[in-house]
Amino acid sequence: MNRSDHLENAFAPAPEPFKARMAYTLANMEELTMKRKSHLTIIAVAAVLILLAGVALAAAGFGVLDFLAYEDRDGNKIVNEDIRPLLQRIDKTSDGEAAKLTIHDAACDGTTLSLAWTLENLSDEDVYIIWRPIVNQGETGLAGGTSTNYEFSLGKGEVREGGFSLNMDPTITGDSVAVDLKFNILKARAEVSRYDGLRIEEMTEEEQAAYLESQADDLANGKLVLDSDMPLLPEGEYSFDELMEDALVRLGLVEQLDVFDVPLALAVTSRETDLLPLAQATEIDLGDYRMVLAEGKGSTTALFYTVDYVFETEDAARAFAKARAALALWPITDEEIPWFSGAGCTDSEITENPDGAWSVRYHANITGIWKMPEQVKITAHNVMTSEVYPGEEFILDLTK
C-alpha cells in the first residue's frame, strides 16, 4: 500500500459550523484591525489599519514611530528603532471648511509602507470619515497597488491620530512609490443607526437573525446604518463601479463637506531580506508528508513566508486541506509582550509539483512589527481549537 493512501481518513473532520466562525475569527485576528474593508479592492493584498483613539491634544511629534509603537504592561513605549532611518518627513497640511488634515511622515522598506496623519474636526457637529490610500509604482506608472476604504466617526472638536501600514504588492519593485490619500468628510443627513458587528460571534442564531432583521428594517426606513462604523447600503444599491461615499450621497444619507486628495511621492529606502538562510531547517519529514519552508522574506516591519505540505498523491493532499481547513501558521516566541500588530494566513492552494508530488500551500505573514525578536518559531495550529500540531514548526534565527 502506498503510505499516503490511508490519509483520506487520517485526519479528524473539522467541527461544524467552522467555516463561518473561522472566517470571522480570521477577519479580526489577521491584523488586529478596528475597521473592516469595503468591497472596493483593486489588488488583493493584506492591509493593516490601526486607528488610534481620538485625543484632544496637539499633533506635534506624532509620526510613524508613534503609530507603530506599543506600550508594555508597565506603560513603557516600545518603538521599532530599525524604522527610524527609513522615516521621510512630509508635514503636509490640508485645510477645509469642516476639517484639517496633516500628513506627518512615512516609511517604506520595500515590503511595507507606513504613514501617519492627524485629522481635526473643525465643525460644530459630528462628522463621518471615509478614507483610502492608493499605492502605485513611482515614476513608471501603475504597476500594482491597492485601494481600500476605511471608515470612522469624529466628534465635535475631536482630533484623531492614525495612519496605516500596508503590505506592498510584489509587483511594485522600483525605487519610489506614488501614494494618493483621499479623505471624504461627510455629515449625516439621515438618522444614524449604529451596530457593533464585532459582537456577532457571541450571539445565538436567534440573536443574529434579529440583529440582521433590525439592520434591514433601518435601511428600509432610510436610516444611515453603521456597522462598526462601516456603512451599509440597501439591497440592490451596491455597485463595484461606484465609490461608497458617492452611493451614500446619491441616496441622500450624507452630505459631503470636504474632500482632501493628497498625492505623495515616497522613496523606497531598503529592500527585503531572504529568510531561508535564517531557518534552522527548511524541510521536515513527518512520515506521510513533508513540510517545506518554500519561500520567505523579511523587512524592518514584516515577515512573509510560504509553507508547503507535500504529498505523494492528489487525493492525500486534498484530504489534508479539507481536514486542516482551520490551519494557520503563526509565530510563537519567548517575548513577554506582543511584538507585532497582526498575522495572517491564506486559504490553502493545491498544486502539482514538477516531480509528480502534490503540495498544499499556505502564504502567511507577520506585520506591523514593533520589536523584532531574536528568534521566531513559526508553528502550525488550529485557529478554532488552538491545537498545536506537534513537530510542524520552523525556527528562524533573526540574529544571523
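# Exercises on a predicted protein chain

Over residues 1-60 the pLDDT (the predictor's confidence in each residue, from 0 to 100) stays under 50, and for this stretch the model has 140 contacts beyond four places in sequence, a contact being heavy atoms within 4.5 Å. Below 50 as well is the pLDDT over residues 138-147, a stretch with 30 contacts in the model beyond near neighbours in sequence. This is a predicted model, in which local features need pLDDT of at least 70 and side-chain atom pairs count only at pLDDT 80 or more, while totals for chains, interfaces and linings use all residues. Residues are numbered from 1 along each chain as its sequence is written, and side-chain values use heavy atoms, with hydrogens and water left out.

## Exercise 1. Confidence and overall composition

Task: Establish which strands have the lowest and the highest confidence, and describe the chain as a whole.

Solution.

Step 1. The protein chain has an average pLDDT of 78, and 79% of the residues score at least 70. Confidence is lowest in strand 1 (residues 47-48), with a mean of 34, and highest in strand 16 (residues 283-285), at 96. Where pLDDT is low, the predicted coordinates should not be read in detail.

Step 2. The protein chain contains five helices and 24 strands; these are DSSP runs numbered from the N terminus, helices being H or I of at least four residues and strands E of at least two.

Step 3. Of its 400 residues, 52% count as buried, that is, under 20% relative accessible area with a 1.4 Å probe, protein chains only. The accessible surface, from the Shrake-Rupley method with a 1.4 Å probe, comes to about 18700 Å², and 49% of this belongs to carbon and sulfur atoms.

Step 4. Among contacts with a separation of 6 or more, 69% join residues 24 or more positions apart.

## Exercise 2. The sheet 19-23-24

Task: Determine which strands stand at the edges of this open sheet, and why one side of each is left without a neighbour.

Solution.

Step 1. Three strands, in the order 19-23-24, form an open sheet with antiparallel pairing; two strands pair if DSSP finds at least two bridges between them.

Step 2. Strand 19 (327-332) and strand 24 (388-397) are the edge strands; each has a single partner strand, so one side of each lacks a neighbour in the sheet. Neighbouring strands are turned by 25° against each other on average, direction ignored, with axes fitted as lines to C-alpha atoms.

Step 3. Strand 19 pairs with strand 23 (residues 375-382) in the antiparallel sense over six bridges. Leu 329 has Ala 380 of strand 23 as its bridge partner, and Trp 330 has Thr 379.

Step 4. Five of the six residues of strand 19 are buried, so the strand is largely enclosed by the rest of the structure.

## Exercise 3. Strand 22 and its partners

Task: State how many bridges join strand 22 to strand 18, to strand 20 and to strand 21.

Solution.

Step 1. With strand 18 (303-311), strand 22 pairs in the antiparallel sense over nine bridges; here Phe 311 stands opposite Trp 358.

Step 2. With strand 20 (residues 340-345), the antiparallel pairing runs over five bridges. Gly 344 has Asn 365 of strand 22 as its bridge partner.

Step 3. With strand 21, the antiparallel pairing has four bridges, and Glu 352 stands opposite Trp 358. Strands 21 and 22 form a hairpin with five residues between them, and Gly 356 in the turn has a positive phi of about 95°.

Step 4. Ten of the twelve residues of strand 22 are buried.

## Exercise 4. Helix 5 and the nonpolar cores

Task: Identify what covers the buried residues of helix 5, and which residues have the most contacts inside the largest nonpolar core.

Solution.

Step 1. Buried in helix 5 (residues 314-323) are Ala 316, Ala 317, Ala 319, Phe 320, Ala 321 and Ala 323. Their cover includes strand 18, strand 21 (349-352) and strand 22 (358-369).

Step 2. A nonpolar core is a set of buried Ala, Val, Leu, Ile, Met, Phe, Trp, Tyr and Cys residues joined through side-chain atoms within 4.5 Å. The largest has 40 residues, and Tyr 309 and Leu 329 have the most contacts inside it. Helix 5 and strand 19 are among the elements that each supply at least two residues, while strand 22 gives the most, with six.

Step 3. Beyond its neighbours within four places in sequence, Leu 329 is in contact with residues including Met 291, Tyr 309, Tyr 362 and Ile 378.

Step 4. A second, separate core of 31 residues includes Ile 103, Ala 106, Leu 115 and Val 179.

Definitions and conventions
Buried < 20%, exposed > 50% of the residue type's maximum accessible area, 1.4 Å probe, protein only. Axes fitted to C-alpha atoms, helices over the stretch in contact; angles between N-to-C directions.
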